[in-house]
Amino acid sequence: MAVGKEILTKIRSVQNTQKITKAMQMVSTSKMRKTQERMRLARPYADKVRLVMNRLAQTHTDHGIKLLEQHEAKNRVGFILITTDKGLCGGLNANVLKKFFAQVQEYQSQGIEVDVVCFGSKGLLACQRVGLNVVASVTNLGDTPKMEVLLGALTEVFQRYEKRELDTIHLVSSRFINTMKQEPCSEILLPIGEEVLNEDDEAHYSWDYTYEPSPVAVLEYLLRRYLESVVYQALSENMAAEQAARMVAMKAATDNAGSAIKELRLVYNKSRQAAITTELTEIVAGAAAV
């Protein structure tokens, strides 16, 4: 019954794996609800900041703020790449990195250099493997994104844009559609497009505000907060997408483990039945010989 013992060992091993994947599925389900709520709560802040910024930008066109300047030529572009710190979340990181490297190769084919800011260890390791210039990175973000952890890297890339060392900044991350669907997305963070600085919903009111210390100073401050809120929102959505993808992946792994256990039990029963039949045949043959 050596074969039977080996099959039993495999069954126990798969059962232990199934317990782990089942536990990870339950943990991801719990975390996904929290990340979805955090993602939902982050939106009103970004919307209100953009609303006030729109009104200021429309009434003060001669602001002279460098972050609102449009750079004519493209000599060097920057990417803010958001991935996860951990794996076991299906093809989430692979899809984001595929979209990211496609854009990088397109720029490099035109002779445009690329700088990268990485949030998440998976993206950082991928960039280091291919030799991209990583100017800043933040890893081990945990389950709750904290803005104070991101500020250093964001300040670095925004200062490079103000100094005209970067002409365009892209934000690449995973967008949370629903529990079963997450898709990679890429948007231009800087320069800010016209669709962001368009006419707001309250423009038909003839309200006038007094800004202290000055409208331009308030606009510059709000612009920073807006850009930070966009990155924070993308990071929150990426974390929600991570938990959803991990929950689906672990559920599939648990189901596959159950199917594997059934097949192994069937093989074990067949081998056990064959061994019993062989023993009975030997006993009958011995009795007949006597």
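**Why the labels fit**

Author: Let's begin with Leu222, which sits in helix α5. Before we go on, this is a predicted model, where local features need pLDDT of at least 70, side-chain atom pairs count only at pLDDT 80 or more, and totals for chains, interfaces and linings use all residues. Residues are numbered from 1 along each chain as its sequence is written, and side-chain values use heavy atoms, with hydrogens and water left out.

Reader: What makes Leu222 buried?

Author: Its relative accessible area is 13%. Buried means under 20%, exposed means over 50%, and partly exposed is in between (1.4 Å probe, protein chains only). So Leu222 counts as buried. Leu222 and Val49 are 6.4 Å apart, C-alpha to C-alpha, with their positions 173 residues apart in sequence.

Reader: And what makes Ser229 buried?

Author: Ser229, also a residue of α5, has a relative accessible area of 6%, hence the label. Leaving aside its neighbours within four places in sequence, Ser229 is in contact (heavy atoms within 4.5 Å) with Tyr45 and Ala46.

Reader: How do you know that Arg225 lies over the face of Tyr221?

Author: The distance from the ring centre is 4.6 Å. The rule asks for NZ of Lys or CZ of Arg within 6 Å of the ring centre and within 35 degrees of the ring normal. Arg225 over Tyr221 passes.

Reader: On to the sheet. Why do you say β4 and β5 pair?

Author: Two strands pair if DSSP finds at least two bridges between them, and β4 (residues 168–178) and β5 have 9, in the antiparallel sense. Two of the matches are Phe176 with Gln182 and Leu171 with Glu187. With 2 residues between them, β4 and β5 form a hairpin. As for the names, helices (H or I, at least four residues) and strands (E, at least two) are DSSP runs, numbered from the N terminus.

Reader: What joins β4 to β1?

Author: These two run parallel, joined by 5 bridges. Val77 stands opposite Thr168 of β4.

Reader: Which strands are the edges, and why?

Author: The open sheet has 5 strands in the order β3-β2-β1-β4-β5, with mixed pairing. β3 (133–138) and β5 (181–190) are the edges because each has a single partner strand, so one side of each lacks a neighbour in the sheet. Direction ignored, neighbouring strands are turned by 20° against each other on average.

Reader: What makes β4 largely enclosed?

Author: Of its 11 residues, 8 are buried, so the rest of the structure largely encloses β4.

Reader: Which strands does α2 lie across, and how is α2 oriented?

Author: Helix α2 (residues 92–109) lies across β1 (76–82), β2 (113–119), β4 and β5, and runs at about 180° to β1. Axes are lines fitted to C-alpha atoms, for helices over the stretch in contact, and angles run from 0 to 180 degrees between N-to-C directions. Helix α5 (residues 215–289) packs on the sheet too, touching β1, β2, β4 and β5, with its direction at about 40° to that of β4.

Reader: Why is the pair of Phe79 and Tyr107 called edge-to-face?

Author: Rings of Phe, Tyr and Trp (its six-membered ring) pair if their centres lie within 6.5 Å; planes under 30 degrees apart count as stacked, over 60 as edge-to-face and the rest as tilted. The whole structure has 3 aromatic pairs. For Phe79 and Tyr107 the centres are 6.1 Å apart and the planes stand at 70°, so edge-to-face it is. Phe79 belongs to β1 and Tyr107 to α2, so the pair ties together parts 28 residues apart in sequence. Both Phe79 and Tyr107 are buried.

Reader: What makes the pair of Phe100 and Phe101 tilted?

Author: With 5.1 Å centre to centre and 55° between the planes, this pair gets the tilted label. Phe100 is buried at 0%. Ring pairs link Phe79, Phe100, Phe101 and Tyr107 into a cluster.

Reader: Why do Cys127 and Cys118 not make a disulfide?

Author: The cut-off is a pair of cysteine sulfur atoms within 2.5 Å. The closest cysteine sulfur to that of Cys127 is in Cys118, 3.8 Å away, so too far for a bond. The search of the whole structure finds 0 disulfides.

Reader: What surrounds α3?

Author: The buried residues of α3 (residues 121–130) include Cys127 and Leu124, and their cover includes β1, α2, β2 and β3. Cys127 itself is at 0% relative accessible area, hence buried.
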